[in-house]
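User: Please take a close look at a single residue of this model, chosen by you, and then show me how it sits within the rest of the chain. I would like one connected answer, with the reasoning spelled out wherever a cut-off decides the wording.

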Amino acid sequence: QVQLVESGGGLVQAGGSLRLSCAASGRTFTMYRMGWFRQAPGKERELVAHITWRVGTTTYADSVKGRFTISRDNAKSTVYLQMNSLKPEDTAVYYCKADSLHEDLTYAYWGQGTQVTVSS
(Lines give C-alpha, C1' and ligand atoms only; values in the text may rest on other atoms or scores of the structure.)
Protein backbone atom coordinates (compact mmCIF):
# COMPACT_ATOMS: atom_id res chain seq x y z
CA GLN A 1 0.00 0.00 0.00
CA VAL A 2 1.08 3.56 -0.76
CA GLN A 3 -0.22 6.66 0.96
CA LEU A 4 0.09 10.09 -0.64
CA VAL A 5 -0.20 13.46 1.05
CA GLU A 6 -0.24 16.67 -1.00
CA SER A 7 0.63 20.12 0.28
CA GLY A 8 1.43 23.57 -1.04
CA GLY A 9 -1.86 24.64 -2.55
CA GLY A 10 -3.38 28.02 -1.93
CA LEU A 11 -4.50 31.31 -3.38
CA VAL A 12 -2.16 33.17 -5.70
CA GLN A 13 -2.45 36.09 -8.09
CA ALA A 14 -2.18 35.55 -11.83
CA GLY A 15 1.46 35.48 -12.85
CA GLY A 16 2.56 34.15 -9.50
CA SER A 17 4.05 30.82 -8.51
CA LEU A 18 3.31 27.89 -6.24
CA ARG A 19 5.14 24.67 -5.47
CA LEU A 20 3.13 21.57 -4.68
CA SER A 21 4.60 18.65 -2.80
CA CYS A 22 3.45 15.06 -2.58
CA ALA A 23 5.02 12.81 0.03
CA ALA A 24 4.62 9.06 -0.40
CA SER A 25 4.78 6.51 2.37
CA GLY A 26 4.23 2.80 2.73
CA ARG A 27 5.47 0.48 -0.01
CA THR A 28 7.19 3.27 -1.92
CA PHE A 29 9.77 0.89 -3.40
CA THR A 30 7.05 -0.44 -5.72
CA MET A 31 6.49 2.95 -7.39
CA TYR A 32 7.65 3.37 -10.96
CA ARG A 33 5.86 6.60 -11.89
CA MET A 34 4.28 9.53 -10.13
CA GLY A 35 2.28 12.40 -11.48
CA TRP A 36 -0.04 15.29 -10.96
CA PHE A 37 -3.61 15.57 -12.17
CA ARG A 38 -6.07 18.39 -11.77
CA GLN A 39 -9.80 18.85 -11.89
CA ALA A 40 -11.40 22.24 -12.42
CA PRO A 41 -15.05 22.95 -11.63
CA GLY A 42 -17.30 21.38 -14.23
CA LYS A 43 -14.41 19.69 -16.04
CA GLU A 44 -12.94 16.22 -16.23
CA ARG A 45 -9.81 15.30 -14.32
CA GLU A 46 -6.79 15.75 -16.57
CA LEU A 47 -3.14 14.85 -16.53
CA VAL A 48 -0.80 17.73 -15.70
CA ALA A 49 2.57 15.98 -15.57
CA HIS A 50 4.18 12.57 -15.08
CA ILE A 51 7.67 11.61 -14.01
CA THR A 52 9.19 8.14 -14.00
CA TRP A 53 10.81 7.21 -10.74
CA ARG A 54 14.10 5.67 -11.81
CA VAL A 55 15.15 7.79 -14.77
CA GLY A 56 13.08 10.94 -14.31
CA THR A 57 11.48 11.02 -17.75
CA THR A 58 8.80 13.71 -17.76
CA THR A 59 5.54 14.23 -19.59
CA TYR A 60 3.51 17.44 -19.60
CA ALA A 61 0.12 18.53 -20.74
CA ASP A 62 0.34 21.03 -23.58
CA SER A 63 -1.44 23.61 -21.47
CA VAL A 64 1.35 23.72 -18.87
CA LYS A 65 4.49 23.16 -20.95
CA GLY A 66 7.07 25.84 -20.28
CA ARG A 67 5.34 26.95 -17.09
CA PHE A 68 5.23 23.88 -14.83
CA THR A 69 8.09 21.60 -13.83
CA ILE A 70 7.71 18.21 -12.20
CA SER A 71 10.58 16.76 -10.20
CA ARG A 72 11.19 14.09 -7.62
CA ASP A 73 13.42 13.34 -4.67
CA ASN A 74 13.88 9.58 -4.63
CA ALA A 75 15.43 9.55 -1.16
CA LYS A 76 12.41 11.36 0.28
CA SER A 77 9.84 9.55 -1.88
CA THR A 78 8.48 12.97 -2.76
CA VAL A 79 7.36 14.52 -6.02
CA TYR A 80 7.05 18.25 -6.63
CA LEU A 81 5.22 20.44 -9.07
CA GLN A 82 6.70 23.90 -9.55
CA MET A 83 4.03 26.09 -11.10
CA ASN A 84 5.11 29.43 -12.56
CA SER A 85 3.27 32.08 -14.55
CA LEU A 86 -0.01 30.86 -13.15
CA LYS A 87 -3.22 31.69 -14.96
CA PRO A 88 -6.82 31.72 -13.72
CA GLU A 89 -7.38 28.71 -15.97
CA ASP A 90 -5.01 26.75 -13.72
CA THR A 91 -7.52 26.95 -10.87
CA ALA A 92 -8.37 23.39 -9.87
CA VAL A 93 -7.96 20.72 -7.26
CA TYR A 94 -4.57 19.13 -7.87
CA TYR A 95 -4.16 15.43 -7.13
CA CYS A 96 -0.99 13.43 -6.73
CA LYS A 97 -0.95 9.95 -8.25
CA ALA A 98 1.47 7.07 -7.83
CA ASP A 99 1.69 4.07 -10.12
CA SER A 100 3.17 0.96 -8.58
CA LEU A 101 4.03 -2.57 -9.59
CA HIS A 102 3.83 -5.41 -7.12
CA GLU A 103 4.05 -9.10 -8.04
CA ASP A 104 3.28 -8.33 -11.69
CA LEU A 105 0.15 -6.34 -10.84
CA THR A 106 -0.19 -2.60 -11.30
CA TYR A 107 -1.83 -0.32 -8.76
CA ALA A 108 -2.76 3.34 -8.77
CA TYR A 109 -2.85 5.43 -5.62
CA TRP A 110 -4.27 8.92 -5.22
CA GLY A 111 -3.76 11.70 -2.74
CA GLN A 112 -6.58 13.68 -1.20
CA GLY A 113 -6.05 16.72 -3.41
CA THR A 114 -4.99 20.29 -2.73
CA GLN A 115 -6.82 23.38 -3.93
CA VAL A 116 -5.05 25.86 -6.19
CA THR A 117 -6.87 29.10 -6.88
CA VAL A 118 -5.44 31.73 -9.23
CA SER A 119 -7.08 35.12 -9.10
CA SER A 120 -7.13 37.65 -11.93
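Analyst: Two residues are said to be in contact here when their heavy atoms lie within 4.5 Å. The model is a predicted one, and the residue I have chosen is Val64, which is found in the loop between strand E6 (58–60) and strand E7 (68–73). Once neighbours within four places in sequence are left aside, Val64 is in contact with Arg38 and Val48. Although Val64 belongs to a loop, its relative accessibility is 1%, and because buried means under 20%, Val64 counts as buried. Along the chain Val64 is 12 residues from Thr52, while the C-alpha atoms of the two are 18 Å apart in space.

A useful companion to Val64 is Ile51, which lies in strand E5, made of residues 46–52. Ile51 is buried as well, with a relative accessible area of 3%. Not counting residues up to four places away in sequence, Ile51 touches Arg33, Met34, Gly56, Thr57, Thr58, Ile70, Ser71, Arg72 and Val79. Between Ile51 and Thr91 there are 22 Å from C-alpha to C-alpha, for a separation of 40 residues in sequence.

The fold around these two positions is built from 11 strands and zero helices. Since its radius of gyration of 14 Å is close to the 14 Å that the globule rule gives for 120 residues, the protein is as compact as a globular protein of that length. Its C-alpha atoms fill a box of roughly 50 × 25 × 25 Å along the principal axes. Buried residues make up 44% of the 120 residues, and Val64 is one of the residues that count as buried. Taking contacts between residues at least 6 apart in sequence, 52% join residues at least 24 apart.

Two other loop positions can be set beside Val64. Ser85 is found in the loop between strand E8 (78–83) and strand E9 (92–102), and its phi is near 50 degrees, a positive value in a residue other than glycine. At 41% relative accessibility, Ser85 counts as partly exposed, because this value falls between the 20% and 50% cut-offs. Glu103, in the loop between E9 and strand E10 (105–110), likewise has a positive phi of about 50 degrees although it is not a glycine. Glu103 counts as exposed, because its relative accessibility of 68% is over 50%.

The aromatic side chains add a further view of burial. A search of the whole structure finds two aromatic pairs. One of them joins Tyr107 and Tyr109, whose ring centres are 6.4 Å apart with 25 degrees between the planes, and it is stacked. The partners differ in cover, since Tyr107, at 35% relative accessibility, counts as partly exposed, whereas Tyr109, at 13%, counts as buried.

Over the whole surface, the protein exposes about 6400 Å², of which carbon and sulfur atoms supply 48%. There are 13 positive and 10 negative side chains, and the centres of these two sets lie 5 Å apart. To return to the residue chosen at the start, Val64 is a loop residue that counts as buried at 1% relative accessibility, and its contacts beyond the neighbours within four places in sequence are with Arg38 and Val48.

Conventions. Residues numbered from 1 in each chain as written. Predicted model: local features only at pLDDT ≥ 70, side-chain atom pairs only at ≥ 80, totals over all residues. Heavy atoms only, no water. Helix = DSSP H or I, 4+ residues; strand = E, 2+ residues; numbered from the N terminus. Rg over C-alpha atoms; globule rule 2.2 N^0.38 Å. Buried < 20%, exposed > 50% of the residue type's maximum accessible area, 1.4 Å probe, protein only. Areas by Shrake-Rupley, 256 points an atom, 1.4 Å probe, with all protein chains shown as cover. Lys, Arg positive; Asp, Glu negative; His and termini not counted. Charge placed at Lys NZ, Arg CZ, Asp CG, Glu CD. Phe/Tyr/Trp six-rings, centres within 6.5 Å; stacked < 30°, edge-to-face > 60°.
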